[in-house]
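I set out to record what could be looked up in one structure, entry by entry. The annotated positions come before the wider architecture.

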Amino acid sequence: MTALTGQTLRANLKEQALLEEAMALAGWDQLTGMPQASGDFRAELQSYLASRYLAVATGEAAQELNKYFGQPTHLAELSTDDQALFKRFQSDYVRDASIPKAEYEAFQRLASQGQDAWTAARQADDYQLYAPVLAKLIQAKRQFIRYWRKDEATPYDVLLNQFEPGLTVDKLDRIFDQLKTGIADIRQQLKDDGVEPDASFLQRTVAVDKQRAYVWEAIQRLGYDAQKGRLDDTIHPFMQDLNRNDARITTRWSPNDYQMAILGVYHEAGHGLFAQNIDSKWDYTPFNKGIAMSIHESQSLFNEVMIGRSKDFWTSEFPRLQAAWPAALGDIELEQFYRGWMKTAPTLIRTEADPLTYPLHIIIRYEIEKALFNDDLPVADLEKLWNDKYEAYLGVRPDSALTGILQDIHWASGDFGYFPSYALGHLYAAQFLQAMEKELPVKDLLQAGNLAPLIAWRREHVWQYGASKTPAEILQTATGESLQPSYWLKLQTERYADVYQL
Ligand SMILES: [Zn+2]
């Protein structure tokens, strides 16, 4: 056996990264421009690349690396960076290798069936068409948890931990309880004493090419590097990073809903900013992508909510928007614009929710997932439970599965434990903003439209690390504290009190 070194490890990681990049490119193309008839060929390509990837990540060479550097004396031969990479490599290896190959492949097939059943159930608007496959997916995941579980307190903790290292049911219960109460209080106050804003001007027609021209220019002012990205049309918007010099974003458009495009593209550009600004020393390694979805989401939400819903920002940005679309906004005052922009109302659909009600959508999914994995909740009962919770938390009840339990694809793809990251992203974003305010005159900078210092702060404290730190580490070093939901609640309380003239 030839001697194993840091270079051997890096070479294996690079091969994994290159295969992932090829898969990502094929996946991006599938969702943006692939001819419809090409689906079978693309599935064949994807499945080939995935099997190659698995062979590199868990094959003989990977086993040797794992065995060799798994010994502390050999681990010490690596540089500090390479040691961190090995630990990540090892945990991925253990996760992938602890599932018997046949069971892993069966799960992949089930997930593919799950997505087909989900699509069919949506077409028929009938949850029961999808419930049997969902039950099998959950059963398979419960089995995986038995393979993965080490010292986690409950089965659902195992899943949480995979998306957000260190996160537990115990912590989340406390965070979400605080949020639930806080949001309910704010909403009650707005209902009792608030002045409802008029948001009708948000439905005025703005041609898609005009929307595109404005947002493309605006996100560059927010820091997105146009030389390292592009903007394409899709159905469910996403950011696809191939590497730090190629972080593509997508959106959907409606001539009568420009807010969707503005906030949606700000959001995806925030993901793109993260990807474009990771330190080059992590090229071709697993640290070049966001393991911690919550931190990634905190950066997209920083653009969308912390900046895109800030009155100070619109003080400088609204005149630009008005100049770009005089026919739609020429007669609207800044104050009027901002109040309409911030109007809050409960929705049935998570992705259409405003920032105040959004966490409630996540809390509902969290409570259901927790009941599925920790209390063996029967899958047939999910739809009713879903509807009951929407009524209790948001005051709206779905009258169809389409606007209820069938709205998200995550469970159909076998993804459980992922949703909480979305809500944590909101909380992290608010905490980053308040830490930034201690160091920078954020209010003045936003009012002046000078975003460069805010961009530099995020590069220094968040983006450069990629996935080399855990969310808890990034938060602690950037803000000096562990997660405090109170910053998010305080910000929302202040913003809505202003908008609703309390
Ligand atoms: Zn996002």
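The entries below record what I looked up and what I found.

**Entry 1. Status of the model**

I note at the outset that this is a predicted model.

**Entry 2. The annotated active site**

I looked up the UniProt record first. Its unreviewed entry lists Glu268 under "active site". I located Glu268 in helix H11, which covers residues 258-276. I then asked whether Glu268 is buried or exposed. I counted 27 C-beta neighbours inside 10 Å, so Glu268 is classed as buried; the cut-off for buried is 20 or more.

I next listed the contacts of Glu268, leaving out residues up to four places away in sequence. Pro237, Phe238 and Met239 are among them, as are Ile249, Thr250 and Thr251. Ser300 is also in contact with Glu268.

**Entry 3. The annotated binding site**

I returned to the UniProt record for the feature "binding site", again from an unreviewed entry, and found His267, His271 and Glu297. I asked how many residues they span in sequence, and how far apart their C-alpha atoms are. The span is 31 residues, yet no two of the C-alpha atoms are more than 8.6 Å apart, so the three positions gather at one spot.

I took His271 next and found it in helix H11. His271 has 23 other C-beta atoms within 10 Å and is therefore buried. Beyond four places in sequence, His271 touches Met239, His296, Gln299 and Ser300. I noted that Met239 and Ser300 also appear among the contacts of Glu268.

Glu297 I placed in helix H12, residues 293-307. Glu297 is buried as well, since 24 other C-beta atoms lie within 10 Å. With neighbours within four places in sequence set aside, Glu297 is in contact with Ser421, Tyr422 and Gly425.

**Entry 4. The two assigned domains**

I consulted the domain assignment. It gives domain 1 as 6-97 and domain 2 as 200-343 + 429-470. The centres of domain 1 and domain 2, taken over C-alpha atoms, are separated by 30 Å. I recorded 15 residues from domain 1 and 15 residues from domain 2 in the contact.

Which helices each supply at least two residues of the side of domain 1 that touches domain 2? I found helix H1 (6-32) and helix H5 (80-97). H1 gives the most to this side of domain 1, with ten residues. By class, the side of domain 1 that touches domain 2 holds eight nonpolar, two polar and five charged residues.

**Entry 5. Helices H9 and H22**

I examined the pairing of helix H9 (residues 169-193) with helix H22 (residues 485-499). Their axes come within 10 Å and cross at roughly 10 degrees. H9 and H22 are therefore roughly parallel to each other, given that angles under 35 degrees count as such.

From H9, I listed Ile175, Gln178, Leu179, Gly182, Ile186 and Leu190 in this contact. From H22, the residues they meet are Pro485, Leu489, Gln492, Thr493 and Tyr496. I sorted the residues of the contact by class and obtained seven nonpolar, four polar and no charged.

**Entry 6. Positive phi outside glycine**

I looked for backbone angles worth a note. Asp125 has a positive phi of about 50 degrees although it is not a glycine. I found Asp125 in the loop between helix H6 (101-124) and helix H7 (131-148). Asp125 is partly exposed, with 13 other C-beta atoms within 10 Å.

Asp376 likewise has a positive phi, near 50 degrees, and is not a glycine. Asp376 sits in the loop between helix H16 (358-374) and helix H17 (382-394). With 11 C-beta neighbours inside 10 Å, Asp376 counts as exposed.

**Entry 7. Two alanines and their sequence-distant partners**

I looked up Ala456 in helix H20, residues 452-461. Ala456 is exposed, with 12 other C-beta atoms within 10 Å. Ala456 and Gly223 are 233 residues apart in sequence, and their C-alpha atoms are 9.3 Å apart in space.

I then turned to Ala111, which lies in helix H6. Ala111 is partly exposed, with 16 other C-beta atoms within 10 Å. From Ala111 to Leu334 I recorded 223 residues in sequence and 48 Å in space, C-alpha to C-alpha. Excluding residues up to four places away in sequence, Ala111 touches Leu137, Ser413 and Gly414.

Notes: Residues numbered from 1 in each chain as written. Predicted model: local features only at pLDDT ≥ 70, side-chain atom pairs only at ≥ 80, totals over all residues. UniProt positions renumbered as here; feature names shortened; annotations may be inferred. Helix = DSSP H or I, 4+ residues; strand = E, 2+ residues; numbered from the N terminus. Contact = placed C-beta atoms within 7 Å. Domains from an automatic or database assignment. Nonpolar A, V, L, I, M, F, W, Y, C, P; charged D, E, K, R; others polar. Axes fitted to C-alpha atoms, helices over the stretch in contact; angles between N-to-C directions. Parallel < 35°, antiparallel > 145°, perpendicular 65-115°, else oblique.
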